[in-house]
Amino acid sequence: MEGGIVKPNKTEFTECWRTSLKTPYIMRLALSAGIGGLLFGYDTGVISGALLYIRDDFKSVDTNTWMQETIVSMAVGGAIFGAAFGGYLNDKYGRKKSILLADILFFVGAVIMAASVAPWMIIVGRVFVGLGVGMASMTSPLYISEASPARIRGALVSTNGLLITGGQFLAYLINLAFTKTPGTWRWMLGVAGVPAVVQFFLMLSLPESPRWLYRQDKVKEAREILEKIYPENEVEEEMKALQSSVEAEKIEEASIGTGFFSKLKNVWGNKIVRRGLYAGITVQVAQQFVGINTVMYYSPTIVQLAGFASNETALALSLVTSGLNAFGSIVSMAFVDRFGRRRLMIVSMFGIIICLIALSVHFYEASDHSPKISGVESLHFGGNSTCSTFARASEPSKWNCMTCLQSSSDCAFCANGHNNYQPGACLAATDAIRGMCQGEHRTWYTKGCPSKFGFFAVLLLGLYIVSYSPGMGTAPWIVNSEIYPLRYRGIGGGIAAVSNWISNLIVSMTFLSLTQALGSAGTFLLFAGFSTAGLVAIYLLVPETKGLLFEEVEKMLDKGFKPSLCGGSDEDSSNKTVKIPV
């Protein structure tokens, strides 16, 4: 029942399928708890499409970049507190009650957002959802891990990760399905309440984690659950393993202290753990500062920046990125144990940097060659329709579409009636004037400009996801499960996870502001710079943990890690050497 981190492999997935057929109760436990992962993915992904329609309904959101960033990022802010509070609830009241509380938060948040009459209500709903996301991110995999047979634990826990990326993909599908429905974004955000209700009632019929029950001295109840999970001849052995593990855990807790600050003091005072944290925090911060969640949270907006004005088209093309992210998670399972975590992350970072630089060049060229502004076209709708900033410009003949859009949030571009790529009009961004523009079957642009190479940007986004997902998408979490001594794994992983959430918050809260200040090209180039710094940090600070026991990792960190561009092999790992390959 207990032991170190168990990672899935092909044999384990086969065994998982065989065991689940014999004991369906195990899969019922895993999938019921895994709905938390689905909700996690859905609620972090759905806002990308809903934001397009929230902007249409609330002018204060459409003209205020900070408001858009707040709506998106408040779920991340709530998740930070949810994860911290969830750890306490898990220990105090159990995994089952924590999941039930997360479902209530998901449901309340979904209802508030669906019923919102003002942007502040959406923000409040996002905070509730974020609290649920934070709790689910900790509790769901923990419950699955503790209620799974050891031989298939890795495969079952990995289903939670698949459900997260699956939830993000589902969010994009749901967004696309409701584009023609009255209330669009209300349905998109409100649908999240349905799986929360389903999970709530499923969890009511399921037991508490046997490990938590044993720690509460409810030995009989813990045994009853193990009897449902394991064959009769294995129950006694698992009870002994559980007893041994819990007792060892209590001894370890006593050695590092029970209070948060005493644990923190011991962590930073221990050379081995400190070096582990350097590696663990490095990969978690790098994971966010490559800009992945700008793509996941703002993907349709980025597609619009590339020149696709239609909300429906932007959502449809964004499905590519979400689908590739889910596919990459599956690919990662096949390669992470074959090629190693460090090598996979370094290769992944090279691909990410190349894609970000290519995106930067693309957006720069698209901006530089966007359609010109025609004075005749701008006056076509009447002098009062022209954007006031353009009307006051000293050299309006030098303006193009991007100059118009970047000059003020009150300006929009109405494309040429005959050809989108011919000179168009710089008009005031009001609903009435937009109606006049679209009434002549012209395209109305507020985020990006017409571009003949817009699909190239979507292709680069897809390549970016393909580079990210199998490496930087999953390997940082695996590294953090292996890099710390067993007794420090909880607090070490917690500190690294908080660094991930905080980095996520910083990136999601600043992306749109950066695009306004630096332009799309400058923003992607900035993320390429962050990624380069992350690549250097990973090379210098993160060792390979593939094939090493916890004790070997400790010895390696105690000795000190020295990066090497070559050397080391699979055979070295199996022979328990500490020379680390790239």
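The protein chain, described here from a predicted model, comprises 27 helices and three strands. Of its 582 residues, 54% count as buried. The exposed surface of the protein chain amounts to about 24,400 Å², of which carbon and sulfur atoms supply 63%. Among contacts in the protein chain with a separation of 6 or more, residues 24 or more positions apart account for 80%.

The three strands were examined through their pairing. Strand β1 (residues 411-414) pairs with strand β2 (residues 425-428) in the antiparallel sense, over four bridges. Within this pairing, Phe413 stands opposite Cys426 in β2. Strand β1 also pairs with β3 in the antiparallel sense, here over two bridges, and Cys414 stands opposite Trp444 in β3. In a regular strand, side chains alternate between the two faces of the sheet. In β1, Cys411 and Phe413 lie on one side, and Ala412 and Cys414 on the other. These four residues are all buried, and both faces of β1 are thus covered.

Aromatic rings form 13 pairs in the model. In one of these, the ring centres of Phe40 and Trp501 are 5.9 Å apart and the planes meet at 25°; the pair is classed as stacked because this angle is under 30 degrees. Phe40 belongs to helix α2 (residues 24-45), whereas Trp501 belongs to helix α25 (residues 489-541), so the pair ties together parts that are 461 residues apart in sequence. Phe40 and Trp501 are both buried. A second geometry is seen for Phe200 and Phe201, an edge-to-face pair with 5.6 Å from centre to centre and 85° between the planes. Phe200 counts as partly exposed because its relative accessibility is 23%, while Phe201, at 54% relative accessibility, counts as exposed.

Ring pairs also link Tyr298, Phe363, Phe511 and Phe524 into a cluster. One member of this cluster, Phe363, is touched by Ser520. Ser520 is found in helix α25, the helix that also holds Trp501. With a relative accessibility of 14%, Ser520 falls under the 20% limit and therefore counts as buried. When residues up to four places away in sequence are not counted, Ser520 touches Leu305, Phe363 and Thr515. A further arrangement involving a ring is formed by Lys452, which lies over the face of Tyr421 at 5.6 Å from the ring centre.

Positive phi values occur at two loop positions considered here, each in a residue other than glycine. For Asp217, phi is near 65°. Asp217 lies in the loop between α11 (210-215) and α12 (219-229), and its relative accessible area of 61% places this residue in the exposed class. For His441, phi is near 60°. The loop that contains His441 runs between α22 (431-439) and β3 (444-445); β3 is the strand in which Trp444 stands opposite Cys414. His441 has a relative accessible area of 73% and is therefore exposed, the cut-off being over 50%.

Key: Residues are numbered from 1 along each chain as its sequence is written. This is a predicted model: local features need pLDDT of at least 70, side-chain atom pairs count only at pLDDT 80 or more; totals for chains, interfaces and linings use all residues. Side-chain values use heavy atoms; hydrogens and water are left out. Rings of Phe, Tyr and Trp (its six-membered ring) pair if their centres lie within 6.5 Å; planes under 30 degrees apart count as stacked, over 60 as edge-to-face and the rest as tilted. Buried means under 20% relative accessible area, exposed over 50%, partly exposed in between (1.4 Å probe, protein chains only). A charge sits over a ring if NZ of Lys or CZ of Arg is within 6 Å of the ring centre and within 35 degrees of the ring normal. Contact means heavy atoms within 4.5 Å. Two strands pair if DSSP finds at least two bridges between them. Accessible areas come from the Shrake-Rupley method with a 1.4 Å probe; for residues, only the protein chains shown count as cover.
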